[in-house]
Amino acid sequence: MAVSPEMPEEPPVERQPSRSGPAARNRPGPGQTPSLLSDPLNDRQVTSVALPAAQLLAGDVFWDAATGAPQLQLLQRHLLAEGLLTQELVLDLISRVREKLEQEPNLINVSDPVTVVGDIHGQFFDLQTLIDVGGSFDDTQYLFLGDYVDRGSFSMEVVTYLYAAKLAHPKRIHLLRGNHESRQMTSYFNFREECEFKYDACVYNTLMDSFDAMPIAALINGQFLAVHGGLSPDMTDFRIIQQIDRYQEPPRDGLLCDILWSDPSDTSIQPFAANTVRGCAHSFSLSAANKFLSENNLLSIFRAHEVQKDGYKFHKTNPKTSMPSVITIFSAPNYCDAYGNRGAVLKLENNTLNLKQFNFTEHPYHLANFMSVFEWSLPFVAEQTLAVYEAILGPFGQYDDAEETPHDDGSSPPATAEGSPGGDGTAKPPRRTSRPSLTPEENRAVEYALELSKGLIPLSPDDKTPKEEAAASRRIKQKVLAVARMSAVYKKIVENHQKLICLKGVCPGDKLSPDLLLQARGRIASEDDLFDVAQSLDTDNEKRPASSAA
């Protein structure tokens, strides 16, 4: 057979109520398609950004009146415009797809021609490029190997579109379950937060039930076994897959866990070993894979689950068949907006494997963790407000001496107040600093206004004793230092916000450290370095979280 690459369980955690969702959005009139945000004055500052959808997509236009099938092109346009569906429609869609999935066995049979797709991870705009490369849903059969959600920020769009495609083409679109289609992983990463932000907890729970119904393996042409993860020591005959109870949260061990979580090892001598990278399941050697293929009269194993620099990997060739015993497919280019990898799909037709690669597509910009502009801007506003306070209070207490400068963490060493006795025992008068940006009259007005506001304006030179002047000056100095400490704290928050801006979607759910990623930029001299550095920093996120993390 020719191979020709072508280049181009735990309880859910409590969550805050949804900050946005269908109930808060506009609905079009009956029978009307959703409109885009209007720009009546044509005065937008960034006209290159497409106008987003301003209304929800409702069922009366989504379902074709003649056939009852979903209108995929309408949905595609709406999702590309960042539109949402009505609550009733999205729940109806999930319910119908779950019924379809429940009719399928654990192990489905597929014949070529077929396009095999690896991890997508919420990269909806890359999914559109993938379809352009792999073929239209109207005339191409697809087998998706799971991991539709998490890490990316458009997982709801991915699931909505693929579910609609499954309803429109139930015999051509096949959806297998991945390790991220679980309550534990979606709570640990960012899909649950995304789903409850765009919709609500009801939609999230309904989706989790539909994930339980997904098949877990496919047999292609009777020659290729397709799973998300890999093999298991408990599986000597692939037909045992039919005996698994798939309607559950994936356990931490056993056959279902291995099928979703296991990895091949090119260096392992043991047939099966504990998978230390994942923290569960097994790693299996290529000798174990070859033995499994021989005993089951198979040619190769197709799987996903691992990011690949080129979007795919041919593991060691089986000498008996001259075929790679395992082929890994990864279909999320520039994974997490950080890896710089390519995506790939595998096309099987007339017993010929053809790999097609593609690059990432720019997606709409969004603030980290679905923050609103108001939430995002608060630290910046606070920092600027404190800067104004510092500027106003500055004439009454300068802290430019080294011993009086606030530290980065907002703390400051003990300071000697102005007006206190100097080294010669005499009292130092409070300093007055003129601001070059103000006229002398304006400087005097500022000082006069400040003294009035603090009750410090003297009625005559004899109204206050030197001791009272010193105490008043100390109070002002303490306020200046307190403002400086607050300013340092907000400055740190602003810096963290700016780091997240630079990193875009690289750390959804705060699972990657912005500091580590930015520090690592100095080690990146090429695309190969970018992939290796991102992969090394992301190692902990490849491991299954502890039970308490769910």
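**Close-up 1. The β6–β7 hairpin and its turn.** In this predicted model, strands β6 and β7 make a hairpin with three residues between them. Within that turn, take a look at Asn221, whose phi is positive at about 55 degrees. The two strands, β6 (residues 217–220) and β7 (residues 224–226), run antiparallel and are joined by three bridges. One pairing to pick out is that of Ile220 with Phe224, its bridge partner in β7.

**Close-up 2. Strand β6 and its partner β2.** Here we stay with β6 and turn to its pairing with strand β2 (residues 107–110), which is parallel and covers four bridges. Asn109 is the residue standing opposite Leu219 of β6. Which way do the side chains of β6 point? Ala217 and Leu219 point one way, Ala218 and Ile220 the other, and all of them are buried.

**Close-up 3. Helix α8, from its cap to its buried residues.** Helix α8 spans residues 201–212, and its 12 residues reach 17 Å from the first C-alpha to the last, close to the expected 16 Å. At the N-terminal end, Asp200 acts as the cap, with a side-chain oxygen 3.1 Å from the backbone nitrogen of Cys202. Follow the helix along and you will meet its buried residues: Val203, Tyr204, Leu207, Met208, Ser210, Phe211 and Asp212. Among the elements covering them are α3 (87–102), α5, α6 (183–188) and α7 (191–198).

**Close-up 4. Leu207 and the nonpolar cores.** In soluble globular proteins, nonpolar side chains tend to be buried together. The largest nonpolar core in this model holds 53 residues, and Leu207 is among those with the most contacts inside it, along with Leu127, Phe137, Phe144, Tyr148 and Tyr163. Helix α5 gives the most to this core, contributing nine residues. Beyond its neighbours within four places in sequence, Leu207 is in contact with Ile94, Met156, Val159, Tyr163, Phe191 and Cys195. A second core is separate and has 29 residues, including Phe189, Val227, Cys257 and Cys280.

**Close-up 5. Thr160 in helix α5.** Our last stop is Thr160, which lies in helix α5 (residues 155–168). Is this residue buried or exposed? Thr160 counts as buried because its relative accessibility is 4%, and the cut-off for buried is under 20%. What does its side chain reach? The side chain of Thr160 reaches the backbone oxygen of Met156 at 2.6 Å. Setting aside residues up to four places away in sequence, Thr160 also touches Leu75, Leu79, Leu85 and Leu93.

Methods. Residues are numbered from 1 along each chain as its sequence is written. This is a predicted model: local features need pLDDT of at least 70, side-chain atom pairs count only at pLDDT 80 or more; totals for chains, interfaces and linings use all residues. Side-chain values use heavy atoms; hydrogens and water are left out. Buried means under 20% relative accessible area, exposed over 50%, partly exposed in between (1.4 Å probe, protein chains only). A polar contact is a pair of N or O atoms within 3.5 Å; within protein, one must be able to donate a hydrogen and the other to accept it, and residues adjacent in sequence count only if both atoms are side-chain atoms. Contact means heavy atoms within 4.5 Å. Two strands pair if DSSP finds at least two bridges between them. The expected span of a helix is 1.5 Å times one less than its number of residues. A nonpolar core is a set of buried Ala, Val, Leu, Ile, Met, Phe, Trp, Tyr and Cys residues joined through side-chain atoms within 4.5 Å.
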